[in-house]
Amino acid sequence: MTIAPFRQGTPPVQTLPPGRWHGRIWVSDLPLAKPERYTGCVAEFDRSGLWPVLIPHDQRFAANGEDWIDDRGRLSPADHRISSADPADVLARWWDTSCCDGACLRPFGAKFPGLARRPSRRADPLAEAGNTGSILATRAPHRLALVQTERPADIPAILGWTGMIKVTDQVHELSAVLRSWEDRFGATLTVLGFDSLELSVSAPPRTQGRALTVAAEHRSFCLPSFAGQPGNLREFASNLVQTRRWRFSWA
């Protein structure tokens, strides 16, 4: 995808709510009053080169009058390193077998099982992301954010996002995995919080067997999200069948 150069201060065609740049991310001052604006920004992505993400309300910061975007540090931007990371190698290295006696890993074991195959059928990932984002903005308050990027998956590395800092500071590796999911499952970044992110998914696994390997990838990617769920990997996988929203939290 070829994106025309964008300079900060050049707005999309549609009218945006009041907001400002915080380094490499533009954020609206207030939560979206018109959720359809998210869909509009997705529709303009090919022209603008700006991908929209939703910033959820975070009471941990709001209670003290803070905003994590300004009041918490960031890593150095690492988007130039994304292509050097192999997502299969990254997830294999992150495969942690120390959380239980092995029962939670079944049917897998101490070795990461590898990447799941790409589904044969897929819907339009941008349309899916636009619909998902507008629904989420309707259900709960979210500010609108825009980041110049060729791929939504690159945004954590572009921003030096620290949401996964308790586990790793190699944010380019996180974006490499997001690129792989973007390619295979149409999994597109829609929500970015202080220590959480959410993806819309246009091609989720359709069977329990396919979902098992995807579940293993999720477990490697964000062990806290897996550990916070009841049951084992098989039960975790059953919740991924035909699921069009993937949420991860390192809180």
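Let's start with strand β4. β4 is mostly covered, with 6 of its 7 residues buried. Keep in mind that this is a predicted model.

Who sits beside β4? Take strand β3, residues 50–56. β3 runs antiparallel to β4, and 7 bridges join the two. To find the register, look at L50. Its opposite number in β4 is Q148.

Now β2. β4 covers residues 142–148, and β2 pairs with it in the antiparallel sense over 3 bridges. Here the residue to click on is V27. The bridge partner of V27 in β4 is A145.

Stay on β2, residues 25–28. Are its faces covered or open? Both are covered. I25 and V27 lie on one side, W26 and S28 lie on the other, and all four are buried.

β2 also pairs with β1, residues 19–22. That pairing is antiparallel, over 4 bridges. H22 has I25 of β2 as its bridge partner. The two strands make a hairpin with 2 residues between them. G23 is in the turn, and its phi is positive, about 70 degrees.

A word on confidence before going on. The protein chain averages a pLDDT of 91, and 93% of the residues score at least 70. The exception I want to flag is residues 1–7, where the pLDDT is below 50. In the model, that stretch has 13 contacts beyond near neighbours in sequence. Where pLDDT is low, the predicted coordinates should not be read in detail. So please don't lean on those contacts at residues 1–7, because low pLDDT means the coordinates should not be read in detail.

Next, the other set of strands. Centre the view on β6, residues 196–201. How many of its residues are buried? The count is 6 of 6. S196, E198 and S200 point one way. L197, L199 and V201 point the other way. Each of these residues is buried, polar names included.

β6 has partners too. β5, residues 187–192, runs antiparallel to β6 with 5 bridges between them. L192 stands opposite L197. β5 and β6 form a hairpin, with 3 residues between the strands. Then there is β7, residues 245–249. β7 pairs with β6 in the antiparallel sense, over 5 bridges. In that pairing, L199 stands opposite W246.

W246 takes us to the core. The largest nonpolar core has 72 residues. Which members touch the most others? W181, F221 and W246. Helix α8, residues 171–185, supplies the largest share of this core, 7 residues.

Zoom in on W181. Leaving out residues up to four places away in sequence, W181 touches G186, A187, L199, E217, H218, F221, W246 and F248. Notice L199 and W246 in that list. They are the pair that stand opposite each other in β6 and β7.

H218 is on the list as well. H218 sits in helix α9, residues 208–221. Is H218 buried or exposed? It counts as buried, because its relative accessibility is 3%, and the cut-off for buried is under 20%. Apart from neighbours within four places in sequence, H218 contacts W181, F236, L240, W246 and F248. One distance for your notes: the C-alpha atoms of H218 and A237 are 9.4 Å apart, with 19 residues of separation along the chain.

Now for empty space. The whole structure holds 2 cavities of 30 Å³ or more. The largest has about 100 Å³ of space. What lines the largest cavity? The lining is I25, W68, I69, R72, G73, R74, L159, G160, W161, T162, L192 and F194. Two of those you have met. I25 is the bridge partner of H22, and L192 stands opposite L197.

Last, two backbone details. Most residues other than glycine have a negative phi, and most peptide bonds are trans. First detail: a cis peptide bond joins R106 and P107, with omega about 15 degrees. P107 is in the loop between α5 and α6. Second detail: Q242 is not glycine, yet its phi is positive, near 60 degrees. Q242 lies in the loop between α11 and β7. Q242 counts as partly exposed, because its relative accessibility is 44%.

That's the tour. Questions, please.

Terms used. Residues are numbered from 1 along each chain as its sequence is written. This is a predicted model: local features need pLDDT of at least 70, side-chain atom pairs count only at pLDDT 80 or more; totals for chains, interfaces and linings use all residues. Side-chain values use heavy atoms; hydrogens and water are left out. pLDDT is the predictor's confidence in each residue, from 0 to 100. Contact means heavy atoms within 4.5 Å. Buried means under 20% relative accessible area, exposed over 50%, partly exposed in between (1.4 Å probe, protein chains only). Two strands pair if DSSP finds at least two bridges between them. A nonpolar core is a set of buried Ala, Val, Leu, Ile, Met, Phe, Trp, Tyr and Cys residues joined through side-chain atoms within 4.5 Å. On a 1 Å grid over the protein atoms alone, a cavity is a set of points where a 1.4 Å probe fits but cannot get out, and a pocket is an open set with protein on both sides within 12 Å along at least five of seven lines; lining residues have an atom within 4 Å of a point. Grid points are joined across faces, edges and corners, and a volume is the space filled by probe spheres set on the points.
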